[in-house]
Amino acid sequence: MAVKVLIPTPLRPFVGKRNSVDLKAGTVGEALGSLTTEFADLRKHLYTDDGRIRSFVNVYLNDEDIRYLDKENTPLKDGDTISIIPSIAGGAEN
Amino acid sequence: MPTNDMQTLTLNESVAREIRAYGVGTYPHECCGALLGAEEGAHREVRALHKLINRRTDSPRNRFSVTAEDVRDAERAAEQAGLEVVGWYHSHPDHPALPSEFDREHAWPWYSYVIVSIVAGEPQAMASWRLTDDRMRFEPEKIVTGASAERVAPAAS
C-alpha cells in the first residue's frame with residue numbers, strides 16, 4: 001500500500017530535511033521499518049535497543065493513535081497517512 | 001548527517017523572565033512549556049513561549065510531561081504566530097539546571113531544552129541543551145540575550 005509518513009521537525013534533519021516520506025508497506029510496523037531502513041539514523045530515536053517503539057514516540061494512522069488500533073500490526077490502505085508525533089518528558093534527578 | 005557544533009540560542013530578557021516566573025509560580029513542582037521561534041543556520045532565536053500544564057500529576061516535583069495533543073497545540077500556536085516550536089523549557093525545583101539521565105532518555109534531537117533551576121522558590125541558573133544525534137549526551141547551547149519577545153496565550157487547563 002502506498003502511504004505517506006509525516007516526519008516531525010526534530011527528525012527532519014535525518015531524512016534530508018523532508019517533512020514527509022512516501023513509501024509502500026502493508027502495516028504500520030512495516031512502514032516504520034522501511035523508513036528506518038532507508039534512513040538508518042532515525043532508528044535510535046524511534047526505537048529502544050530491544051526494538052520497541054519509544055514511549056514518547058506517538059504513531060498515528062490518519063487521526064488514530066495506533067495504540068488503540070492494532071499497534072504496529074495495524075494494516076494500511078492506499079493513501080493512508082502515518083504521523084509521528086512527539087510527547088515531551090523530562091525532570092530532575094531523583 | 002547533522003552535526004552538533006556549538007550552537008547559540010537567543011533568549012531575550014522578557015522570555016527568560018517569563019520562564020523564571022513560571023518556575024517560581026509552580027514551585028515546588030516542575031513547570032513546562034514550548035519555545036517558539038525561528039532558526040537560521042546555527043543560530044536559533046526564541047521569540048515567544050507557549051505555557052503548558054505538567055501532566056505528571058503523580059510526580060510533579062521531579063518529573064514533567066506533555067502529551068502529543070499538547071505538542072500539537074504548541075505547534076498550532078507557533079504556526080499562528082508565524083513561528084515554529086524550536087524546543088521546550090522546564091524547571092528543576094531544588095536541582096541544578098543540568099539535564100538528568102531521565103531528561104536524556106526522553107529527549108528528542110534538534111530541539112533546544114531550556115532548564116531553569118528554582119531553589120527554595122527562587123530562580124537560579126538557566127541553561128540550554130541539545131541532545132546529540134547519537135543520543136549519548138546533551139551538548140550545552142550558548143544562551144545569548146537579545147531583544148524582547150512576544151507572549152502567546154497560555155495553555156488552557
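Let's start on helix α1 of chain B, where V15(B), I19(B), Y22(B), G23(B) and T26(B) are buried. These residues lie on the same side of α1(B), because they cover an arc of only 100° around the axis. Why can residues spread along a helix share a face? An α-helix has 3.6 residues a turn, so residues three or four places apart point the same way. Turn to the other side of α1(B) and you will find E13(B) and R17(B) exposed. Keep in mind as you look around that this is a predicted model.

What do the buried residues of α1(B) pack against? Their partners are β1, β2, β3, β5, β6 and β7 of chain B. The helix, residues 13-26, lies across these strands and runs at about 50° to β6(B). Its length is easy to check: the 14 residues of α1(B) should span 20 Å at 1.5 Å a residue, which agrees with the 20 Å between its end C-alpha atoms.

Now for the strands themselves. Seven of them close into a barrel with mixed pairing, in the order β1-β3-β2-β5-β6-β7-β8 of chain B. On average, neighbouring strands of this sheet are turned by 35° against each other, direction ignored. For one pairing in detail, follow β7 (residues 122-131) to β8 (residues 138-144) in chain B: four bridges join them in the antiparallel sense. L131(B) has F138(B) in β8(B) as its bridge partner.

Stepping back, chain B holds three helices and eight strands, arranged from the N terminus as β-α-β-β-β-α-β-α-β-β-β. Of its 157 residues, 47% count as buried. Among contacts in chain B with a separation of 6 or more, 67% come from residues 24 or more positions apart.

Key:
Residues numbered from 1 in each chain as written. Chains lettered and ligands numbered in written order. Predicted model: local features only at pLDDT ≥ 70, side-chain atom pairs only at ≥ 80, totals over all residues. Helix = DSSP H or I, 4+ residues; strand = E, 2+ residues; numbered from the N terminus. Buried ≥ 20, exposed ≤ 12 C-beta atoms within 10 Å, placed from the backbone. Contact = placed C-beta atoms within 7 Å. Pairing = 2+ DSSP bridges. Axes fitted to C-alpha atoms, helices over the stretch in contact; angles between N-to-C directions. Expected span 1.5 Å × (residues − 1). Arc of directions from axis to C-beta.
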